[in-house]
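Biologist: I have a structure open and I'd like to learn how to read it. Can you walk me through a few features?

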Amino acid sequence: MKQSSWQQKVAQGRANGLAKAFNLKRKSFDPDTIPNTLYKVIAGAFKLKDNANERVDYLRLKGIESKRTAGKPVFSFDLSTV
């Protein structure tokens, strides 16, 4: 139950069951044809908060909406051992 593959199968099964129960039809999905679609661009990842703040300030000066968020790294590795 802890494996993401199992969780995905259960979620897909529930979605399929609901679609069948309500007689829903699958829609095609093309983000280029959907009005008001937003595309998110990541402008950097920094270890130091000051560096992140500098990037936000720079982007705002260029008229680009930006914000700083904090989060855990997705993965990390040590290149010195390669």
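**Reading a few spots**

Modeller: Sure. Let's start with Ser66, which counts as buried at 15% relative accessibility. Bear in mind that this is a predicted model.

Biologist: Where does Ser66 sit along the chain?

Modeller: Ser66 belongs to the segment after α2.

Biologist: And why does Ser66 count as buried?

Modeller: The cut-off for buried is under 20% relative accessible area, and Ser66 counts as buried because its value is 15%.

Biologist: Which residues does Ser66 touch, leaving out those up to four places away in sequence?

Modeller: Those are Val56, Leu59 and Arg60. With Val56, look at the polar atoms too: a polar atom of the Ser66 side chain lies 3.3 Å from the backbone oxygen of Val56.

Biologist: OK, now backbone angles. What should I know about phi?

Modeller: Most residues other than glycine have a negative phi. Here, Asn23 is not a glycine, yet its phi is positive, about 55°.

Biologist: Where is Asn23, and is it buried or exposed?

Modeller: You'll find Asn23 in the loop between α1 and α2. Exposed means over 50% relative accessible area, so Asn23, at 57%, is exposed.

Biologist: What about Leu24, buried or exposed?

Modeller: Leu24 lies in that loop between α1 (4-21) and α2 (49-61). With a relative accessible area of 55%, Leu24 is exposed.

Biologist: Which residues form a nonpolar patch on the surface with Leu24?

Modeller: Leu18 and Phe22 do. Together with Leu24, they have about 360 Å² of accessible area.

Terms used
Residues are numbered from 1 along each chain as its sequence is written. This is a predicted model: local features need pLDDT of at least 70, side-chain atom pairs count only at pLDDT 80 or more; totals for chains, interfaces and linings use all residues. Side-chain values use heavy atoms; hydrogens and water are left out. Patches are made of residues with over 30% relative accessible area and no salt bridge: like charges are joined within 9 Å, nonpolar side chains (Val, Leu, Ile, Met, Phe, Trp, Tyr) within 5 Å. Accessible areas come from the Shrake-Rupley method with a 1.4 Å probe; for residues, only the protein chains shown count as cover. A salt bridge is a side-chain nitrogen of Lys or Arg within 4 Å of a carboxyl oxygen of Asp or Glu. Helices (H or I, at least four residues) and strands (E, at least two) are DSSP runs, numbered from the N terminus. Buried means under 20% relative accessible area, exposed over 50%, partly exposed in between (1.4 Å probe, protein chains only). A polar contact is a pair of N or O atoms within 3.5 Å; within protein, one must be able to donate a hydrogen and the other to accept it, and residues adjacent in sequence count only if both atoms are side-chain atoms. Contact means heavy atoms within 4.5 Å.
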